[in-house]
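Reader: I have a structure open and do not know how to read it. Can we go through it feature by feature?

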Amino acid sequence: MTNHLSERITNMATSATLAMAAKTRELRNEGKDIIGLSLGEPDFNIPDFIKEAAKQAIDDNYSSYSPVDGYADLKQAIANKFKRDNGLEYNLNQIVVSTGAKQSLANVAMVMLNQGDEVLLPAPYWVSYSDIVKIAEGVPVEVPTTIESDFKMTPAQLEAAITPKTKMIWFSSPCNPSGSVYSKEELEGLAVVLRKHPNIFIVSDEIYEHINFIGGHSSIASIDGMYERTITVNGVSKAFAMTGWRIGYIGAADWIAKACTKFQGQITSGANAIAQRATIAALEAPVSKIQYMIDEFHKRRDLVLGLLGEIEGFKLNVPEGAFYVFPNISSFFGKTLKGTTINNASDFALYLLEHANVATVTGEAFGNPDCIRISYAASEKELKDAMARIKAVV
């Protein structure tokens, strides 16, 4: 009966990260000891002060529909956070709260893109960007980067990729999957190019903002000439370990925010009421409240880089944020390991799953066919075991 499905859904790719997570669960149910390093999900529990705020919201009977764009006091907390952490001034009409940052991105795509509009995606990029753009009838245009440039797009690459059809550029910093962080100077370099093209809008995905090992985060909206053209996307899934609470938000020009609210009103309406109340507590807290998680991720990054560095064939750089490493494994292409010929990153990821019982994600899903993504959002013991297993089979 699949012939009755829309072309929209049949042409859509399945999220590679969620597909690998599902495969991991399936193998575990069969009794296999799989170490899962595929999902971008912190392994910490939610801080107690956030749980208490949620419990209080239940007791206070926050059980009715919320405003489509979010509670006013949550939007105020978001505005205060933008000013405190990013130096950005947004009023409440410029903020929209959604059911996760993924919905925030989908809202923006649906209200900004027309058929044939091109969206530049510095590759590697987060796995869902491309298909979200396609759903909105836009055209994703990959701008390849390399491990030598720490997977960052240069101003020259940006200039060369722009065409008369370019409508937007989407990128994340810190980046999923590479962990790369654009410095203020690097963003200013991109802004020099963008100022020559005033009709191009920017989606700046900053959900990993606080998981940053270089001591400072820069938002492109804070750079001269970029504020009105930038949609700043953020949420509480990563830094606050609130993945299942599904709260994301944007700061943008009021006309963009109004359009996103209009669209969301026809799709989901307001986000979960209890999660919104808990998010107020999360955003009002000083970053020092979650510093222990950031410090642990930093420690794990160094552990994984050290262990992977002992494995011949893995080409590494040093990611400056998020909780991923993105090694180039193309040296294995064309080789046969345990009877399996490795032709590409997908073959290599499946080989590790089958022979090492370690789940990773192919870089092909992120627009880079030479790499795999390894999440180190796992315990030190799991990471040591996983790296030992990988070393044993390659």
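Author: Begin at the start of helix α10 in this predicted model. A side-chain oxygen of Asn-272 comes to within 3.0 Å of the backbone nitrogen of Ile-274.

Reader: How far apart are the end C-alpha atoms of helix α10, and what span should its residues give?

Author: Use the rise of 1.5 Å a residue. The 12 residues of α10, 273-284, should span 16 Å. The end C-alpha atoms are 17 Å apart, so the two values agree.

Reader: How many residues of α10 are buried?

Author: Buried means under 20% relative accessible area. By that cut-off, 11 of the 12 residues of α10 are buried, and the helix is mostly covered. Among them are Ala-273, Gln-276, Arg-277, Thr-279 and Leu-283.

Reader: Which elements do the buried residues of α10 pack against?

Author: There are two helices and two strands to find. The helices are α3 (48-59) and α4 (72-86). The strands are β2 (95-98) and β8 (248-251).

Reader: Now a single residue. Where is Val-236, and is Val-236 buried or exposed?

Author: Val-236 sits in the loop between β7 and β8. Its relative accessibility is 0%, so Val-236 counts as buried.

Reader: Which residues is Val-236 in contact with, leaving aside neighbours within four places in sequence?

Author: The contacts are Ala-241, Met-242, Ile-247, Thr-279 and Leu-283. Two of those names should be familiar: Thr-279 and Leu-283 are buried residues of α10. For a long distance, take Gln-157. Val-236 and Gln-157 are 79 residues apart along the chain, and their C-alpha atoms are separated by 32 Å.

Reader: Ala-241 came up among those contacts. What is the phi of Ala-241?

Author: Look at the backbone angle and the residue type together. Ala-241 has a positive phi of about 55°, although Ala-241 is not a glycine. Ala-241 is in the loop between β7 (230-235) and β8. At 9% relative accessibility, Ala-241 counts as buried.

Reader: Where does Phe-151 lie, and what is the sign of its phi?

Author: Phe-151 lies in the loop between β4 (139-144) and α7 (155-161). Its phi is positive, about 60°, and Phe-151 is not a glycine either. Phe-151 has a relative accessible area of 4%, so it is buried.

Reader: Next, peptide bonds. Is the bond from Ala-123 to Pro-124 cis or trans?

Author: Read omega. For Ala-123 to Pro-124, omega is near 10°, and the bond is cis. Pro-124 is in the loop between β3 (118-123) and α6 (129-135). Now try Ser-173 to Pro-174. That peptide bond is also cis, with omega near -10°. Pro-174 lies in the loop between β5 (166-172) and α8 (184-194).

Reader: What does the side chain of Ser-222 reach?

Author: A polar atom of the Ser-222 side chain lies 2.6 Å from the backbone oxygen of Ser-219. Ser-222 is found in the loop between β6 (201-205) and β7. At 38% relative accessibility, Ser-222 counts as partly exposed. Beyond four places in sequence, Ser-222 is in contact with Asn-86 and Leu-88. The C-alpha atoms of Ser-222 and Glu-284 are separated by 21 Å, with their positions 62 residues apart along the chain.

Reader: And Thr-362: in which strand is it, and what does its side chain lie 3.1 Å from?

Author: Thr-362 is in strand β13, residues 361-362. A polar atom of its side chain lies 3.1 Å from the backbone nitrogen of Glu-364. Thr-362 is buried, with a relative accessible area of 14%. Not counting residues up to four places away, Thr-362 touches Ala-345, Ser-346, Ala-349, Cys-371 and Ile-372.

Reader: Last, the empty space. What is the volume of the largest pocket?

Author: Rolling a probe the size of a water molecule over the atoms shows where empty space is left. Here the largest pocket has a volume of about 520 Å³. It is lined by 23 residues, and the closest to its centre are Gly-40, Lys-102, Trp-126, Lys-238 and Arg-246. Two elements give two or more residues each to the lining: α2 (16-29) and α5 (101-112). The largest share, 3 residues, is from α5.

Reader: How many residues of each class are in that lining?

Author: The lining of the largest pocket has 9 nonpolar, 8 polar and 6 charged residues.

Terms used. Residues numbered from 1 in each chain as written. Predicted model: local features only at pLDDT ≥ 70, side-chain atom pairs only at ≥ 80, totals over all residues. Heavy atoms only, no water. 1 Å grid on protein atoms, 1.4 Å probe; cavity = no way out; pocket = protein on both sides within 12 Å on 5 of 7 lines; lining within 4 Å. Points joined across faces, edges and corners; volume = space filled by probe spheres on them. Helix = DSSP H or I, 4+ residues; strand = E, 2+ residues; numbered from the N terminus. Nonpolar A, V, L, I, M, F, W, Y, C, P; charged D, E, K, R; others polar. Expected span 1.5 Å × (residues − 1). Buried < 20%, exposed > 50% of the residue type's maximum accessible area, 1.4 Å probe, protein only. Contact = heavy atoms within 4.5 Å. Polar contact = N/O pair within 3.5 Å; in protein donor to acceptor, adjacent residues only side chain to side chain.
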